[in-house]
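The following questions and answers concern the charged side chains of a single structure and the setting in which they lie.

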Amino acid sequence: MIKIIYPYAMIDSVFNIDFELLKAQGFKAIIFDIDATLVPHGADTTNEIDNLFYEIHRLGLKTLLLSNNSEERISEFNRNINALFIPMANKPNKMNFLKSVEMLDVKKDEILLIGDQLFTDILGANRAGIKSVLVKYLLHEGELNIGKKRKVEALLLKFYKIRKSYSARLQNIEKRV
């Protein structure tokens, strides 16, 4: 039962993911969390993020931002990205994960969620039957304080790394240097 909180893969950053490989593996859409996944909490988009989404869209992959943030926050962040989005998603409730599937108009097994939290992003995606990738959470420069939930996640991820049956479910998605 603990498998429900574990991602299909764990990668350092969205910039380490080879989106061409994802497309070759049959993925047609990517759902992204925003805060601590794409940028530190509350930060605006960056040229690097805008360019990443440009490249993802150029490949023909659809994108959707799924966030517990307000519509105003997501709209401002999305101004150069032009992704579909769902605000106030109430993650990990699977309702808006399933709504994402409808909005993206692809099958569940053709969608990948990328997020930074086990108990919201990964749990919600897994409960909805969507494959998930966990990236290391982003902090503002100089920020050291992490919450209790992050400490529990760190403990659970130790077991994830040990159990190959959990951590080897989605392979070959990392860029080769």
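Q: How many salt bridges does the structure hold?
A: The model is a predicted one. Side chains of opposite charge can pair when their charged atoms come close. In this structure, the number of salt bridges is 8.

Q: Which residue forms a salt bridge with Lys136, and how many residues apart are the two?
A: The side chain of Lys136 meets that of Asp12, with 3.1 Å from N to O. Lys136 lies in the loop between β6 (131-135) and α6 (148-162), whereas Asp12 lies in the loop between β1 (9-11) and α1 (19-24). The pair therefore links distant parts of the chain, and the partner of Lys136 is Asp12, at a separation of 124 residues.

Q: Is Lys136 buried or exposed?
A: The cut-off for an exposed residue is over 50% relative accessible area. Lys136 has a relative accessibility of 53%, so Lys136 counts as exposed.

Q: Which residues are linked with Lys91 in a network of salt bridges?
A: Lys91 forms a salt bridge with Asp33, the closest N and O atoms being 2.8 Å apart. The side chain of Lys91 also meets that of Asp121, at 2.7 Å from N to O. The residues linked with Lys91 in the network are thus Asp33 and Asp121.

Q: Is Asp33 buried or exposed?
A: A residue is buried when its relative accessible area is under 20%. The relative accessibility of Asp33 is 7%, so Asp33 counts as buried.

Note on methods: Residues are numbered from 1 along each chain as its sequence is written. This is a predicted model: local features need pLDDT of at least 70, side-chain atom pairs count only at pLDDT 80 or more; totals for chains, interfaces and linings use all residues. Side-chain values use heavy atoms; hydrogens and water are left out. A salt bridge is a side-chain nitrogen of Lys or Arg within 4 Å of a carboxyl oxygen of Asp or Glu. Helices (H or I, at least four residues) and strands (E, at least two) are DSSP runs, numbered from the N terminus. Buried means under 20% relative accessible area, exposed over 50%, partly exposed in between (1.4 Å probe, protein chains only).
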